[in-house]
Structure formats: structure tokens, C-alpha cells
Amino acid sequence: MRVLALLDGTLADPDAPLLRVDDLGLVRGDGIFETILVVDGKPRELDPHLDRLARSAAILELPEPDRAAFERATSLVLDNWSGGAEMALKLVYTRGIEGGDGTPTGFALGLPISAKVLAQRAAGISAVTLDRGIEPGLAERAPWLLLGAKTLSYAVNMAALREAERRGAEEVVFTTSSGSVLEGPTSTLLAVNGRTITTPPATLGILPGTTQAALFRAAKREGWTVVVEPIPAADLHTADGVFLVSSVRKVTRVHTLDGKPLTDASALATELADLYESEY
Ligand code: PLP
């Protein structure tokens, strides 16, 4: 089950060709996207996702996305979805065709959540730390690297996941060359110690996560301490719990890191999942 809606307010056949072969999103990965979780017909964190789409567009110097058009395309997908209770809604926005008049390409595509992600949500994941080659200060020093924008150029992130698989793991925790934690290829990292949840700052050049923000909101309300500060990778081995969170994977526990079992955080995982769900 997939539903595709275009920015002009029409539905399109997701099995039919849509993009031109010279679309810059295709030939250069020059574009941006968002993936939004929809549960029982309700999109979660829609405004923060649309805000981040606009921020990514600004970083790439793309025309400002037409928010009303994306909202209309979103409603159209939701109204025509007849799949399961959960859906991943992808919003895509590219620089349009090479040598064209600068009109961006955009669409909204509703997809089922993969069985793999559902299994990982339940069982947790093994991860490896991999160097991302980002040092503190690089994001400000080199804005052309587009750090912190959610671009369509995810080939590096996907390559990292293949490297994880080669090492017998399912996921990746990116680190700076000096061993500070960054994020997953498609997720935000959280470390929990006692009643304190810590995540690395987006200023390191990582994506500010909407799931992390929602969870922090709920946690703060329930009396937890939430902290945004750098985390040395070595600290993950002594933490009470390590989690990768994202719209699609929700709160997923990391049970093994670099081949070593982490502290059993199954109970903590349930607690955090309940906190996150309490926002909706
Ligand atoms: N970091 C990266 C690189 C991502 O691609 C994503 C989501 O896909 C996230 C973090 C988590 O963001 P969110 O919680 O808004 O889905």
C-alpha cells in the first residue's frame, strides 16, 4: 500500500514514472526530505517536521517550500490511506530539473513501516561506532557541507549501515574523529543515566531530531532531567541505557555496541516508549 500526492493537490500513481531523468534530486542528490510517522491517521510532530523542511531548504538555498501545498499533499495521502495503523510519510523536495526554470520538484508519499524496523523496535539493536569525520566547529566553519540539513544525499549513511552489517551489527553510532558521539545514520542518539537523558548538541553538525524533542518534552514534564551536551563514546558502555530514536523507529534500545553487551535497558526502554507515547 502506497499513496502519492503532488504539490498541485493531485494524487498520482506511485507505480508510474513521475520524475524526469535530469531532476537534480536524482542526478546530484540535490534536495531535501522529511519522514513523518502517522499513527491512526494522525501525523506526529507535523509542524516541527515542516519547520525542519523549511530550515533544510534555507541551508541549501532552495526556494522556500510551499507549506500549504505540503500540508494539502499530506492530507491527501492521509485521506487515501487504507493500509495499517502506522504509516511513514515522506515529504521530498528537490531543486528541480537541470537547466530548468528553478521550479522545485515536490511530493508526499505514504509507505508502510518496514517489518525490519518493527522487529528492531521490539527486540532492540546491535550497533557499531563509526567515524563520521566531523569535528566540533565544522558545521559553522564549513556551511557548504550542509551539516544539520536533511538532504537527499544519504549515500554515506547507507554505506555506513552496510559497514555495520559487515561487522555483524544492525545499526551505526557515528562519532567524531576524537571519539565524541554524533547520531545514527537515520536517528538521534540518547544516553540515559538514572533519571537523566542526554543527547549530543545539534551544533556538532547533526540533525535536530523531532522524536528526541518530543521525548524530552514528555520527560521534563514527568520530572526527568534532560541534557544536551557532548557524550564521549566510551561513556555509552557504562550508561544505564543507550537508545536510537527517530520518527519511524520510535525509541529503539541499543543492546550491543561494538560487539560488547550494554547494560540491560529493557525496562528503561518500556518507560521511555510510554513517555514518548504520552505526548500523543
Ligand atoms: N538524524 C538523522 C541523520 C536522521 O536522518 C533522522 C531521521 O531520519 C534523525 C536524526 C531523527 O529525526 P526525527 O526524530 O525527526 O525522525
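**Exercise 1. A salt bridge between the domains**

Task: In this predicted model, find which residue forms a salt bridge with glutamate 45, and place the pair in the domain layout.

Solution.
- Step 1. Glutamate 45 pairs with arginine 217; their closest N and O atoms are 2.9 Å apart.
- Step 2. That distance of 2.9 Å passes the salt-bridge cut-off of 4 Å.
- Step 3. Check the domain assignment: domain 1 covers 3-113 and domain 2 covers 118-277. Glutamate 45 falls in domain 1, and arginine 217 in domain 2.
- Step 4. Between domain 1 and domain 2 the count is 4 salt bridges.

**Exercise 2. The interface of the domains**

Task: Describe how domain 1 and domain 2 meet: how many residues are in contact, and what area is buried?

Solution.
- Step 1. Start with the centres. Taken over C-alpha atoms, those of domain 1 and domain 2 are separated by 25 Å.
- Step 2. Count the residues. Domain 1 brings 23 residues into contact with 21 residues of domain 2.
- Step 3. Take the area. About 1800 Å² is buried between the two domains, with 60% of it on carbon and sulfur atoms.
- Step 4. Add the polar part. Across this interface, 13 residue pairs are in polar contact, both residues at pLDDT 80 or more.
- Step 5. Locate the side of domain 1 that touches domain 2. Strand E3 (31-39), helix H2 (46-59) and strand E5 (86-94) each supply at least two of its residues.
- Step 6. Sort that side by residue class: 9 nonpolar, 7 polar and 7 charged.

**Exercise 3. A bridge within domain 1**

Task: Which residue pairs with glutamate 34, and why does the pair tie together parts of the chain?

Solution.
- Step 1. The total count is 21 salt bridges.
- Step 2. One of them joins glutamate 34 to arginine 52, with the closest N and O atoms 2.8 Å apart.
- Step 3. Glutamate 34 lies in strand E3 and arginine 52 in helix H2, so the bridge ties together parts 18 residues apart in sequence.

**Exercise 4. The ligand**

Task: Which residues are closest to the ligand, and how many surround it?

Solution.
- Step 1. The ligand is surrounded by 17 residues; Lys150, Tyr154, Thr210, Thr211 and Ser247 are the closest.
- Step 2. The side chain of threonine 211 has an N or O atom 2.6 Å from a ligand oxygen.
- Step 3. For the side chain of arginine 52, the distance from an N or O atom to a ligand oxygen is 2.9 Å.
- Step 4. Serine 187 uses its backbone: an N or O atom there lies 3.4 Å from a ligand nitrogen.

Conventions: Residues are numbered from 1 along each chain as its sequence is written. This is a predicted model: local features need pLDDT of at least 70, side-chain atom pairs count only at pLDDT 80 or more; totals for chains, interfaces and linings use all residues. Side-chain values use heavy atoms; hydrogens and water are left out. Domain bounds come from an automatic or database domain assignment. Contact means heavy atoms within 4.5 Å. Buried area is the accessible area (1.4 Å probe) that two parts lose on being put together, summed over both. A salt bridge is a side-chain nitrogen of Lys or Arg within 4 Å of a carboxyl oxygen of Asp or Glu. A polar contact is a pair of N or O atoms within 3.5 Å; within protein, one must be able to donate a hydrogen and the other to accept it, and residues adjacent in sequence count only if both atoms are side-chain atoms. Helices (H or I, at least four residues) and strands (E, at least two) are DSSP runs, numbered from the N terminus. Ala, Val, Leu, Ile, Met, Phe, Trp, Tyr, Cys and Pro count as nonpolar, Asp, Glu, Lys and Arg as charged, and the others, Gly among them, as polar. A residue is near a molecule or strand if one of its heavy atoms lies within 4 Å of it.
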